[in-house]
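Thanks for making the time this morning. I would like to walk you through one structure, beginning with its cysteines, then turning to a pair of helices and finally to a single leucine.

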Amino acid sequence: MSVSQRIVLDFNQIRGTFCRSLQHQLDVMTLLKGGSEVVTATQAHESRGFLNFSPAHGAELTHEESRNAASEWLYGAFLRDALEHTGQFLIGALLYCEIINLSKIDDIDIEHLDKHMKSTEERIKKHHFPILLRKFEETTNSVLALSNSLLSLNKLRSCLVHRLGYVSEADTNSDQCLRVEWMTLNTVIRGNISGTEIPANAGVTITEESTLVSTVVMQAKDFPFGEKVRLEQLDIFSTIFTLMQFGRQCAESAERYALASGIKSLEPQNGH
């Protein structure tokens, strides 16, 4: 009996797990961000879990300084973990492709398959993010439109993790800056008569009947050498949007690869 008769391949499940991980991250960040904005200095002091422990007595941040630092830290932590989840997603995608390759072999037994997949997973997990991305593209014979954007996000993650967000020579391009590219939504309010477009978040009074218009655009942001990365709310939204679109592109590439290998396509399940 062939492997394809014993195993159901469902990339939607892999993608669904990835999207849920982003959703859960967003839920936690929203809770913490909202809490930090409304908690008072007295409430923060009363809720301390470290009693009076102070590793640098006299150097404590003021309440407002702590609030600002908390927001900065949350955004950086979100991006860092989101890229880690993306790496896990790519590992799952490569294992999916490996099973497709094995399905071409007749009379392979489940025990051998299990051992092979475990050793393959151990080997794949040793690769860094850029190699995982390149191997997926090579395996599926595809060029993902957002691959350069993902590589730039990974450079930003590396800067946040290894250099605490301070841009060094290891992070910069020929213009001496760390450039990050996102796919995002550009939303404007367009006047039905004048055709004038105003950014939706501009806070300007609208004087004519208008239409809300959203378009998908690529957006770049430069973080200069020597400065500290400070992310904004729009950057986090753009990161989520980019990663969701990247997941969709990977799913399309994986489906084409499966079909080219003779695997029948399954109908997408609700919620994935």
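Why is the sulfur of C250 not in a bond with the closest cysteine sulfur? Please keep in mind that this is a predicted model, and that in this model the closest cysteine sulfur to that of C250 belongs to C97, at 9.4 Å, which is too far for a bond. For a disulfide to be counted, the two sulfur atoms would have to lie within 2.5 Å, and the structure as it stands holds 0 disulfides. C250 itself is buried, with a relative accessibility of 0%, whereas C19 is partly exposed, its relative accessible area being 27%.

C97 also brings us to the helices, since this cysteine is one of the residues of α3 that meet α5. Helix α3 covers residues 63–102 and helix α5 covers residues 129–140, and the two pack at an angle of about 30° with their axes 10 Å apart, so that α3 is roughly parallel to α5. Their crossing is left-handed. On the α3 side the contact includes L83, L90 and I91, and on the α5 side it includes F129, L132 and F136; by class, the contact as a whole has 10 nonpolar, 4 polar and 1 charged residues.

Lastly, there is L234, which lies in helix α7, residues 233–260, and which counts as partly exposed at 42% relative accessibility. Leaving aside neighbours within four places in sequence, L234 is in contact with T184 and Q219. T184 is 50 residues away from L234 in sequence, yet their C-alpha atoms are 8.9 Å apart in space.

Conventions:
Residues numbered from 1 in each chain as written. Predicted model: local features only at pLDDT ≥ 70, side-chain atom pairs only at ≥ 80, totals over all residues. Heavy atoms only, no water. Helix = DSSP H or I, 4+ residues; strand = E, 2+ residues; numbered from the N terminus. Buried < 20%, exposed > 50% of the residue type's maximum accessible area, 1.4 Å probe, protein only. Contact = heavy atoms within 4.5 Å. Axes fitted to C-alpha atoms, helices over the stretch in contact; angles between N-to-C directions. Parallel < 35°, antiparallel > 145°, perpendicular 65-115°, else oblique. Left-handed = near helix turned anticlockwise from the far one by under 90°. Nonpolar A, V, L, I, M, F, W, Y, C, P; charged D, E, K, R; others polar.
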